[in-house]
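Trainee: I should like to work through this model with you, one question at a time. May we place the sequence and structure before us?

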Amino acid sequence: MGNSVSVRLQPRIQDKELSGPSWAGKFKGSDSTRDLSGNFRLAVDKFILAMKEAGMRVAINATYRPVKRSYLMHWAWRIGKGKARPEDAPALGGVDIEWVHETVAQSVNAAKELMAAFGIATLGTSPALRSQHNLGLAIDMSISWNGAVSIRDAAGDMVKIDTMPHSGMNRQLIKVGESYGVKKYGGSGHDAPHWSNNGR
Ligand SMILES: [Zn+2]
């Protein structure tokens, strides 16, 4: 009975889990319009239906996104790109992530891996900490088509789209989206796939 029992005198490191790519699998977002809220959901569904009837291709990348996911994306990008130090990331309740690894290189590498897992490694700016996605009031979608197309606007009128580009950045298409209450991103910077209830 002379064996001493080793007792951990130090508190555990707050039950935090080190950052890394597996965090991208938590606090999942949605790519379905079903997870958008109320009237905006109806508006988006009508706009997408009109685009499809016009022969346009629409691929939805994201709709609703939990605040916790936005937090992870934001800080993974900033630390991974060297815009913030690992210890600069504030804690967020309910997200027990430890951004600070044993070495700075490990911290940055883990953030880079998480950034890649989110598919945001090529973004030129950090994903917003808060956005209309958190409220179910924004959608990211890739839109494309060939040649000139005619699309029905919210008033029921057919609108011919015969200008470039053949993407969600097309001004004629942006106007049609507005008629449905789906507004192209008009804030600072560049966010090509982003549409929302208020253009933010
Ligand atoms: Zn977006």
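Trainee: Helix α1 (residues 38-53) runs at about what angle to β4 (138-144)?
Mentor: Helices here are DSSP runs of H or I with at least four residues, strands are E runs of at least two, and both are numbered from the N terminus. Axes are lines fitted to C-alpha atoms, for helices over the stretch in contact, and angles run from 0 to 180 degrees between N-to-C directions. Helix α1 lies across β2, β4 and β8, and its angle to β4 is about 5°.

Trainee: On what kind of model does this rest?
Mentor: Residues are numbered from 1 along each chain as its sequence is written, and side-chain values use heavy atoms, with hydrogens and water left out. Local features need pLDDT of at least 70, side-chain atom pairs count only at pLDDT 80 or more, and totals for chains, interfaces and linings use all residues, since the model is predicted.

Trainee: In what order do the four strands of the open sheet stand?
Mentor: Two strands count as paired if DSSP finds at least two bridges between them. β2 and β4 are joined antiparallel over five bridges, with Ile-60 opposite Met-141 in β4. Three bridges link β4 to β8, also antiparallel, and two join β7 to β8 (residues 194-196), where Lys-183 faces Ser-196. The order in this antiparallel sheet is therefore β2-β4-β8-β7.

Trainee: Which strands stand at the edges?
Mentor: An edge strand here has a single partner, so one side of it is left without a neighbour in the sheet. The strands in that position are β2 (57-62) and β7 (183-184).

Trainee: Which residues coordinate the zinc ion?
Mentor: Donors are N, O and S atoms within 2.8 Å of the metal (3.2 Å for Na, K and Ca), and water is not among the atoms, so sites may look incomplete. The zinc donors are spaced H-x6-D-x53-H along the chain. At 2.0 to 2.1 Å, the coordinating residues are His-133 (NE2), Asp-140 (OD) and His-194 (ND1).

Trainee: How many residues apart in sequence are the parts tied together by His-133 and His-194?
Mentor: Within the sheet, the bridge partner of Asp-140 in β8 is His-194. His-133 lies in the loop between α3 (104-118) and β4, whereas His-194 belongs to strand β8. The pair therefore ties together parts whose separation in sequence, in residues, is 61.

Trainee: Is His-133 buried or exposed?
Mentor: Relative accessible area decides this: under 20% is buried, over 50% is exposed and anything in between is partly exposed (1.4 Å probe, protein chains only). His-194, at 4%, counts as buried. With a value of 2%, His-133 is buried.

Trainee: What distance separates the backbone oxygen of His-194 from a polar atom of the side chain of Lys-184?
Mentor: Lys-184 lies in strand β7 and is buried, with a relative accessible area of 9%. Contact means heavy atoms within 4.5 Å; not counting residues up to four places away in sequence, Lys-184 touches several residues, including Met-169, Ile-174, His-194 and Trp-195. Between the backbone oxygen of His-194 and the side-chain polar atom of Lys-184, the distance is 2.9 Å.

Trainee: Which element gives the most to the largest nonpolar core?
Mentor: A nonpolar core is a set of buried Ala, Val, Leu, Ile, Met, Phe, Trp, Tyr and Cys residues joined through side-chain atoms within 4.5 Å. The largest has 25 residues, and among those with the most contacts inside it are Phe-47, Met-141 and Trp-195. Two or more residues each come from α1, β4, β5 and α4. With seven residues, the element that gives the most is α1.

Trainee: How many bridges join strand β5 (residues 149-152) to strand β6 (residues 158-161)?
Mentor: These strands form a hairpin with five residues between them, and Gly-156 in the turn has a positive phi of about 95°. Val-149 has Ile-161 as its bridge partner in β6. The strands run antiparallel, and the number of bridges joining them is four.

Trainee: Which side chain makes a polar contact of 2.8 Å with that of His-101?
Mentor: His-101 sits in the loop between β3 (97-98) and α3 and counts as buried at 16% relative accessibility. A polar contact is a pair of N or O atoms within 3.5 Å; within protein, one must be able to donate a hydrogen and the other to accept it, and residues adjacent in sequence count only if both atoms are side-chain atoms. The partner of His-101 in this contact is Ser-19.
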